[in-house]
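Take a moment to look over the sequence and the picture below. We will walk through them together, step by step.

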Amino acid sequence: MTPLINTLQAFLLILGAPLLAGIVGKTKARLQRRQGASIWRPYAEIGKLFRKEDLVPPSASPLFWGAPRIVFAATVAAAFLVPLLQPTALLSGLGDIVLLVYLLAMARFFLIVGAMDGGGAFGGMGSSREAMVSALAEAPFLLALIAVAIVARSTQLASIVDWTLRQNFFDVSAVHLLAFAALAMVAVAETGRVPVDNPSTHLELTMIHEAMVLEHSGPSLALLEWAGSIKLAIMTSLLIGLFTPWGMALSGSPAALAIAVLVYAGKMLVLAVGLALLESGVAKMRMYAVPDFLGVAWAASTLAVVFTVFGRR
Amino acid sequence: LNHACFKSLLFLGAGALSDATHTLNLDEMGGLLKRMPSTGIAFLIGCVSIGGLPLFNGFVGELLLFQDFIAGSLLATSYPRLILPLMAGILALIGGLAAACFVKVFSVAFLGRPRSVQAESAHEVPGPMIGGMAVLAVACVGLGVLPGPVLAPLFQVAQSFIPGAVAPEQVLAVPGILAWSALTVLALAAAAIIAARFRRRTTAIWACGLPGLTPSMQYTATSFSKPLRAVFIAVYRPDRKLETLPVDQPYFPASISYTSVRTTSFEKSLYRPMTDAVVGAANQLRRLQTGNIQTYLLYIFLTLVVLLTVVGLQR
């Protein structure tokens, strides 16, 4: 039963990820008093791109074409590590918090490689900025996860979630609050959302992620976009799983699972709307203000780790 | 061992690069993957390994180190309990910067369009050079996916140092999860490649509707690392000079020259005083060298007296 549920939740994450992006887009449109596109639009867009052809620059090497596939594969493999409905995951083992961070780093490495291969100026520009943001975001990401891992005394995502699940909601500690804040900030930076990057811009001065995928087209672009939304879903699922896992199924009974699905969907909806509110309420910051933003994440995650020493329970 | 593999691989790759292009300046390379594919792939594997990305051997070491740091939090004394997890953060920062650095090296040298005539006419290096790199590249991948055979003897060494040590479960679990995740990533990549074998068309890249996009418009190695240098400006302290001619018309310059010298501030504030001190001390010591044999005998006598005194005092 457990492997089945694990497969189910992995596919829920992968196939449901574009919907999350759609909901964020719709909410933003409504906040701007626009009708907005349907929440299913990302699926239509990915489908459309898959039916098109790949355009490859004459100077590009096979990596230009291969990189999006590797990005997608690494992101999906990372998605297999995340527990959603019950505290287990398809791919799970000790130390998988580090693996998760580095699988996402691998996706980014090849995203940069693919962008640099285009031979234009935009790819390099986006890559260079992405390299900066990600190099600085990696450490708070890991530190936040480590803080939680120390409290739960396990480096396995599934058992951390399991541990948190058994705690009382009102016992939530300073470590968790700080780690949550840090992880949320990292999530915003890593997935290229508004205060750091604007996913809907095509202006040279501001774009990071969009500049990198500019030269890609057709199925390659579809895979990249899909991988991007999976990454967003992974980050939000992590926030849910590590900090508010209550409602997950502890037993494999259908009723518990149904509740778990509903609760998970509800939490995702809350986070999506929250993200949309944030994106509508805050202006994109200057590129060189991003390190300061991530510096706060650094500070929060470091404090979280420091507090694990004092907050023994 | 991991480090040996990817570092020598990268050095061999760098040698092949300079051999093929006759330059060591990254900004004069570019587009080399098409011209020297074997070197390129080996170099890519080296870069990915040193960046500590999963499926390659750099990650194994990194994973074990992180496990150590986290395990340090369970120690009884509070100082290591506090410091070790924080070290993990520093390691993560280093890892992130290394990955950023090597993605830059690889992309600028091998991808995009050639930035110079030498790069355009570069050829693959001879077989033995490729062979050497290939062996190391295979080692990198092999150790990355199946580190078990190497970890086991290492553990025996550890046991001989600390008698009675038991293999921590974290270490034993590492090979398993790596092999599985490697399998997953490979399967997924293969699936994505097979499933997405769509038509491809070769077209020029979009140039904002203007003709003539030249290779010099690409991002160079220097411009790539610009944002990170800006972040760490306190560390680097570059000397910049922007000269605009003629001076009285800043907005309609006839010629602009921009120079930026990056000697890191470590070099200025850390290494320089040290080398200065060593050189100074050597100069002082030279005074002792009079060339007079009696003086030398005096030195020997004095040393003997001092030594005897020390030994005598210790009794």
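How much accessible surface does chain B have, and what share of it belongs to carbon and sulfur atoms? The accessible surface of chain B comes to about 18,300 Å², and 70% of that belongs to carbon and sulfur atoms. Areas of this kind come from the Shrake-Rupley method with a 1.4 Å probe, and for residues only the protein chains shown count as cover.

Before going on, please keep in mind that this is a predicted model, where local features need pLDDT of at least 70, side-chain atom pairs count only at pLDDT 80 or more, and totals for chains, interfaces and linings use all residues. Residues are numbered from 1 along each chain as its sequence is written, chains are lettered from A and ligands numbered from 1 in the order in which they are written, and side-chain values use heavy atoms, with hydrogens and water left out.

**The two chains**

Here are the two chains in one table. Helices (H or I, at least four residues) and strands (E, at least two) are DSSP runs, numbered from the N terminus. Buried means under 20% relative accessible area, exposed means over 50%, and partly exposed lies in between (1.4 Å probe, protein chains only).

| Chain | Helices and strands | Buried residues | Accessible surface |
|---|---|---|---|
| Chain A | 11 helices, one strand | 63% of 313 residues | about 10,800 Å² |
| Chain B | 14 helices, three strands | 35% of 315 residues | about 18,300 Å² |

In chain A, carbon and sulfur atoms supply 69% of the exposed area. Reading chain A from the N terminus, you meet its elements in the order α-α-β-α-α-α-α-α-α-α-α-α.

Contacts tell us about the fold too; a contact means heavy atoms within 4.5 Å. Among the contacts in chain A with a separation of 6 or more, 82% join residues 24 or more positions apart. For chain B, the share counted in this way is 71%.

**Two crossing helices**

Now find helix α1 (residues 2-31) and helix α9 (residues 218-243) of chain A. How do they pack, and at what angle? They pack at about 95°, with axes 8 Å apart. The axes are lines fitted to C-alpha atoms, for helices over the stretch in contact, and the angles run from 0 to 180 degrees between N-to-C directions. Therefore α1(A) and α9(A) are roughly perpendicular to each other (under 35 degrees counts as roughly parallel, over 145 as roughly antiparallel, 65 to 115 as roughly perpendicular and the rest as oblique).

On the α1(A) side, the residues making the contact include Leu13(A), Ile14(A) and Leu20(A), while α9(A) offers, among them, Trp226(A), Ile230(A) and Ser237(A). By class, the contact of α1(A) with α9(A) has 12 nonpolar, three polar and no charged residues. Here Ala, Val, Leu, Ile, Met, Phe, Trp, Tyr, Cys and Pro count as nonpolar, Asp, Glu, Lys and Arg as charged, and the others, Gly among them, as polar.

**A few residues to click on**

Arg33(A) lies in the loop between α1 and α2 (41-51) of chain A. Its phi is near 60°, a positive value in a residue other than glycine. Arg33(A) is exposed, because its relative accessible area is 80%.

Ala144(A) belongs to helix α5 (residues 121-152) of chain A. Is Ala144(A) buried or exposed? At 1% relative accessibility, Ala144(A) counts as buried. Leaving out residues up to four places away in sequence, Ala144(A) touches Ala179(A), Ala182(A), Leu183(A) and Ser301(A). With Leu183(A), the C-alpha to C-alpha distance is 6.2 Å, although 39 residues separate the two in sequence.

In chain B, Leu91(B) sits in helix α5 (residues 78-110), and a relative accessible area of 17% makes Leu91(B) buried. Leu91(B) touches Glu62(B), Leu65(B), Phe66(B) and Phe69(B), not counting residues up to four places away in sequence.

**Aromatic pairs**

How many aromatic pairs are found over all chains? A search of the whole structure finds four. Rings of Phe, Tyr and Trp (its six-membered ring) pair if their centres lie within 6.5 Å; planes under 30 degrees apart count as stacked, over 60 as edge-to-face and the rest as tilted. One of the pairs, Trp40(A) with Tyr43(A), is tilted, at 5.8 Å centre to centre and 40° between the planes. Phe109(A) and Phe110(A) form an edge-to-face pair, at 5.5 Å and 65°.
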